[in-house]
Amino acid sequence: MKKLTIEYDKRKCIGNGNCAAAAPSFFRIEIGKSVCAGAEQRTSEDPFTLDLECDNQAAEGIINAGLSCPVNAISIINTETKKDIVSIDITAEGAKEIIAT
């Protein structure tokens, strides 16, 4: 069993639907945005969060949902290590400008 926390920032979501395809038991699309089933939001500025203990198959789907988000709206935290296992930290230092022509 894996202990995970899903953190989902609805403000970043573009409604791509990759998360719902990867983990349909946890994510669905409603009115052009993803919804994380069972997640709660403390304030309107906070991400939605859901703490859970799940088997390896469910954990794989949840992790794939986070990895497949094109706008980094989903973080999956390993509750035991407190580390985000899917988000990409893009800093000004490591960012490169790409110009389409």
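Here is a short tour of a predicted model, covering its sheet, its cysteines and its cavity.

**The sheet**

Let's start with the strands. Four of them make an open sheet, in the order S4-S1-S5-S6, and the pairing is antiparallel. Strand S4 (48-54) and strand S6 (83-84) sit at the edges, so to speak: each one pairs on one side only. Further in, strand S1 (residues 2-8) runs antiparallel to strand S5 (residues 74-78), and five bridges link the two. If you want one pair to find on screen, look for Tyr-8, whose bridge partner in S5 is Ile-74.

**The cysteines**

How many disulfides does a search of the whole structure find? The count is zero. Why is Cys-13 not bonded to Cys-19? A disulfide needs two cysteine sulfur atoms within 2.5 Å, and the sulfur of Cys-13 is 6.2 Å from the closest one, in Cys-19, so that is too far for a bond. Cys-36 is in no disulfide either, and its nearest cysteine sulfur also belongs to Cys-19, 8.4 Å away.

Are these two cysteines buried or exposed? Here are the values:

| Residue | Relative accessibility | Counts as |
|---|---|---|
| Cys-13 | 10% | buried |
| Cys-36 | 6% | buried |

Both fall under the 20% cut-off for buried.

**The cavity**

Now for the empty space. Searching the whole structure turns up one cavity of 30 Å³ or more, and the largest cavity has a volume of about 80 Å³. It is lined by 15 residues, and those closest to its centre are Cys-13, Cys-19, Ser-34, Cys-69 and Pro-70. Sorted by class, the lining has nine nonpolar and six polar residues, with no charged ones.

Notes:
Residues are numbered from 1 along each chain as its sequence is written. This is a predicted model: local features need pLDDT of at least 70, side-chain atom pairs count only at pLDDT 80 or more; totals for chains, interfaces and linings use all residues. Side-chain values use heavy atoms; hydrogens and water are left out. Two strands pair if DSSP finds at least two bridges between them. Helices (H or I, at least four residues) and strands (E, at least two) are DSSP runs, numbered from the N terminus. Buried means under 20% relative accessible area, exposed over 50%, partly exposed in between (1.4 Å probe, protein chains only). On a 1 Å grid over the protein atoms alone, a cavity is a set of points where a 1.4 Å probe fits but cannot get out, and a pocket is an open set with protein on both sides within 12 Å along at least five of seven lines; lining residues have an atom within 4 Å of a point. Grid points are joined across faces, edges and corners, and a volume is the space filled by probe spheres set on the points. Ala, Val, Leu, Ile, Met, Phe, Trp, Tyr, Cys and Pro count as nonpolar, Asp, Glu, Lys and Arg as charged, and the others, Gly among them, as polar.
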